Amino acid sequence: MFFIDWTNQIGSVEGPTGEDVPANLGSSEAYGLEIEASYDVTDNIDAFLTFGYLHTEFTADARGVDGAGSIVGNEFGKAPSFSGSFGATYRNDRGFFATG
């Protein structure tokens with residue numbers, strides 16, 4: 001579990017000609033949870049599974065492009081609410097391993 005509370009968060013906003021420009025995005029917070037599980041299938045094969053939950057929100061003093069329009073209450077761009085993965089790792093007796 002984690003919680004992050006930012007003040008004067010710096011990020012990118014779209015500038016007047018479409019390029020990304022740095023900007024002070026105000027105050028924001030993020031919290032979430034990450035879980036991982038693994039299982040030894042055989043002496044040489046391990047399987048794994050991961051899950052993540054993330055909540056993000058601009059909380060105060062947050063403005064959009066050129067300081068126009070409040071973004072308070074919006075989520076961070078490109079921050080997925082849910083993530084996960086699964087796979088397996090093979091290890092032989094000589095130290096070689098492969099994960100996929």
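Reader: How many helices and strands does the chain have, and in what pattern?

Author: Helices (H or I, at least four residues) and strands (E, at least two) are DSSP runs, numbered from the N terminus. Here the chain has zero helices and seven strands, giving β-β-β-β-β-β-β along the sequence. This is a predicted model, in which local features need pLDDT of at least 70, side-chain atom pairs count only at pLDDT 80 or more, and totals for chains, interfaces and linings use all residues. Residues are numbered from 1 along each chain as its sequence is written, and side-chain values use heavy atoms, with hydrogens and water left out.

Reader: What does the radius of gyration say about how spread out the chain is?

Author: The radius of gyration is taken over C-alpha atoms, and the globule rule is 2.2 Å times the number of residues to the power 0.38. For this chain the radius of gyration is 20 Å, well over the 13 Å that the rule gives for 100 residues, so the chain is more spread out than a compact globule. The C-alpha trace spans about 60 × 30 × 15 Å along its principal axes.

Reader: Which elements have the lowest and the highest mean pLDDT?

Author: pLDDT is the predictor's confidence in each residue, from 0 to 100. The chain averages 90, and 93% of the residues score at least 70. Among the elements, strand β2 (residues 10-14) has the lowest mean, 81, and strand β6 (residues 82-91) the highest, 98.

Reader: What share of the residues is buried?

Author: Buried means under 20% relative accessible area, exposed over 50%, and partly exposed in between (1.4 Å probe, protein chains only). Of the 100 residues in the chain, 20% are buried.

Reader: Is Ser27 buried or exposed, and what is Ser27 in contact with?

Author: Contact means heavy atoms within 4.5 Å. Ser27 lies in strand β4 (residues 27-40) and is buried, with a relative accessible area of 14%. Beyond its neighbours within four places in sequence, Ser27 is in contact with Trp6, Thr7, Asn8, Phe58, Thr59, Ala60 and Asp61.

Reader: Where is Thr56, and what is Thr56 in contact with?

Author: Thr56 belongs to strand β5 (residues 45-60) and counts as buried at 3% relative accessibility. Leaving aside neighbours within four places in sequence, the contacts of Thr56 are Glu29, Ala30, Asn74, Glu75, Phe76 and Ala79. The C-alpha atoms of Thr56 and Gly77 are separated by 9.2 Å, with the two residues 21 apart along the chain.

Reader: What share of the contacts joins residues 24 or more positions apart?

Author: Such pairs account for 48% of the contacts in the chain with a separation of 6 or more.
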